[in-house]
Amino acid sequence: MSLLYFQRTRLRKDFGTPINFSDFKGRMRSIPSEEVGSESEKQWVQKRYQTIEIDCTPQYAQHTADTGNFVQKNEGTLFVNGAWPKKIKGGEITERQRYLQRLTAEPAYHMEVPRVCDTAANTVLQNNTLNLYEQHFADGDVFETDESTMSLKTLCVLKDPCNLNRHATKLSWHPDGSGKIAVSYSTMKFQKMNDDTPRSSYIWDINHPNQPEFELIPQSPLCCLRFNPKTHDHLAGGMYNGVVGFWDVRKESRRPVSTSNIEFSHRDPVFDLRYVSSRSGTGETLPWG
């Protein structure tokens, strides 16, 4: 049996003109001249602005429930003859003695008594360590207080040699108390930093505050500085790009003698750092990061 079919084709022009959408500003349709002043015109009110609020958040209703009252009262128990079992009559001395003899004959009794005594002894020793009711001052003692007001005075002013307004982000005093202080300067706003932004930080001597004693030039502005408490000539500084630098003042080099690898450094600025002294039992020195 052969299959018969019929196929009909249409030209593109038979589908009509294609629709072309476009975006244009709104237009105000004018009222026909025959309706001006008529009753239909009075039914419309022209508004200049129209505001529509659309809120897709589901609305929940708030309900209150009245619960029952919970009444509380204080109750106590008075023991006159001690906490004896119910089968033992507290008023009969002979029954109490027989019960105590049976209790002391049990093997668990001789194991429990030393444990309870140790707990009681530990508690007594703790109470005797600090006398909570100790009289520190005798009755009637009058102590004179210094009524003079505290005052401060400025010894020196350390002015940043850079003409750009920068923040002093961190201060570190020299461990030997010689009056030296390391100051890190940085601009903490990223958009105000460019290639010409000064990156220098300084070591000052408060006895000679006119000019810095030593200049530190990192690869990125320093956010923090810290003297080594063991080796006073060593400094470590955290930079804005997350790198940690190390300086040795004895070498008189303004550049850091070593820096951390930027691939394994912090992703954010280093705002603070500290030296940690650690030593293992095998004689090895272990760095902590």
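Q: In this predicted model, what stands opposite Val-183 in β3?
A: Tyr-202 does. Val-183 belongs to a strand covering residues 180-186, β2, which is joined to β3 by four bridges.

Q: What makes β2 and β3 count as paired?
A: Pairing takes at least two bridges, and β2 and β3 have four, running antiparallel. So by that cut-off they pair.

Q: How do you know that β3 pairs with β4 too?
A: Again, count the bridges: three join β3 to β4, residues 214-216, with the strands antiparallel. The cut-off is at least two, so this counts as a pair. One spot to look at is Ser-201, which sits across from Leu-216 in β4.

Q: Why is β3 called largely enclosed?
A: Because five of the five residues in 201-205 are buried. Buried here means under 20% relative accessible area. Ser-201, Ile-203 and Asp-205 point one way, Tyr-202 and Trp-204 the other, and all are buried. As for the pattern, side chains in a regular strand alternate between the two faces of the sheet.

Q: What is the strand order in the open sheet, and how does it pair?
A: The order is β5-β6-β7-β8, with antiparallel pairing.

Q: Why do β5 and β8 stand at the edges?
A: β5 (222-227) and β8 (258-259) each have a single partner strand, so one side of each lacks a neighbour in the sheet.

Q: What makes β5 and β6 a pair?
A: Five bridges join β5 to β6, residues 234-239, in antiparallel fashion. At least two are needed, so they qualify. Leu-225, for its part, faces Gly-237 in β6.

Technical notes
Residues are numbered from 1 along each chain as its sequence is written. This is a predicted model: local features need pLDDT of at least 70, side-chain atom pairs count only at pLDDT 80 or more; totals for chains, interfaces and linings use all residues. Side-chain values use heavy atoms; hydrogens and water are left out. Helices (H or I, at least four residues) and strands (E, at least two) are DSSP runs, numbered from the N terminus. Buried means under 20% relative accessible area, exposed over 50%, partly exposed in between (1.4 Å probe, protein chains only).
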